[in-house]
Amino acid sequence: MTTVVFKFNIGDTVNILDANDISGRIACMLHNAKGNNEYQVVWWSDGKRQVEWLYEWELETNEKGKSGGRVCA
């Protein structure tokens with residue numbers, strides 16, 4: 001069994017790097033077969049709900065919506 005440390009937790013508000021002024025919420029977390037953490041991020045744009053899987057290095061903490069990371073074993 002391997003312990004996995006996630007930087008973000010479900011429900012956290014994050015900013016998407018390299019995307020001007022887009023912030024979203026973590027809806028799901030995944031540790032993939034290649035050993036990378038991925039996060040399903042949800043946000044609204046022009047009245048439409050957007051959903052994307054993003055890598056941890058594509059996101060940054062949005063301090064107003066941070067609840068802390070998570071360790072999974």
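This is a guided tour of one predicted model, with a residue or strand to select at each stop.

Residues are numbered from 1 along each chain as its sequence is written. Because the model is predicted, local features need pLDDT of at least 70 and side-chain atom pairs count only at pLDDT 80 or more, whereas totals for chains, interfaces and linings use all residues; side-chain values use heavy atoms, with hydrogens and water left out.

**Strands β3, β4 and β5**

Begin by selecting residues 23-31, strand β3, together with residues 37-45, strand β4; the two run antiparallel and are joined by 6 bridges. Strands here are DSSP runs of E of at least two residues, numbered from the N terminus, and two of them pair if DSSP finds at least two bridges between them. Within this pairing, Leu 30 has Glu 38 of β4 as its bridge partner. The two strands form a hairpin with 5 residues between them, and in the turn Gly 35 has a positive phi of about 90°.

Add residues 48-55, strand β5, which runs antiparallel to β4 and is joined to it by 8 bridges; here Val 41 stands opposite Glu 52. The hairpin of β4 and β5 has 2 residues between the strands, and Asp 46 takes a positive phi near 50° in it.

**Glu 38**

Now select Glu 38, in strand β4, and display its surroundings. Glu 38 is buried yet has no salt bridge, and Lys 34, the nearest side chain of opposite charge, is 8.4 Å away. Buried means under 20% relative accessible area, exposed over 50%, and partly exposed in between, with a 1.4 Å probe and protein chains only; a salt bridge requires a side-chain nitrogen of Lys or Arg within 4 Å of a carboxyl oxygen of Asp or Glu. Lys and Arg count as positive, Asp and Glu as negative, while His and the chain ends are not counted.

What the side chain of Glu 38 does have is a polar contact of 2.7 Å with the side chain of Asn 32. (A polar contact is a pair of N or O atoms within 3.5 Å; within protein, one must be able to donate a hydrogen and the other to accept it, and residues adjacent in sequence count only if both atoms are side-chain atoms.)

**Aromatic pairs**

Next, colour the aromatic rings: a search of the whole structure finds 3 aromatic pairs. The ring centres of Phe 6 and Tyr 39 are 6.0 Å apart with the planes at 80°, so this pair is edge-to-face. Phe 6 lies in strand β1 (residues 4-6) and Tyr 39 in β4, so the pair ties together parts 33 residues apart in sequence. Phe 6 is buried at 7% relative accessible area, and Tyr 39 is buried at 0%. Move then to Tyr 55 and Trp 57, a stacked pair with 6.0 Å centre to centre and 5° between the planes. Rings of Phe, Tyr and Trp (its six-membered ring) pair if their centres lie within 6.5 Å, and planes under 30 degrees apart count as stacked, over 60 as edge-to-face and the rest as tilted. Tyr 55 is partly exposed at 31%, whereas Trp 57 is exposed at 65%. Phe 6, Phe 8 and Tyr 39 form one aromatic cluster.

**The loop between β2 and β3**

Finish at Asp 18, in the loop between β2 (13-16) and β3, where phi is near 65°, a positive value in a residue other than glycine. Asp 18 is exposed, with a relative accessible area of 85%. Asp 21 lies in the loop between β2 and β3 and has a positive phi of about 60° although it is not a glycine; at 80% relative accessibility, Asp 21 is exposed.

Notes: Helices (H or I, at least four residues) and strands (E, at least two) are DSSP runs, numbered from the N terminus.
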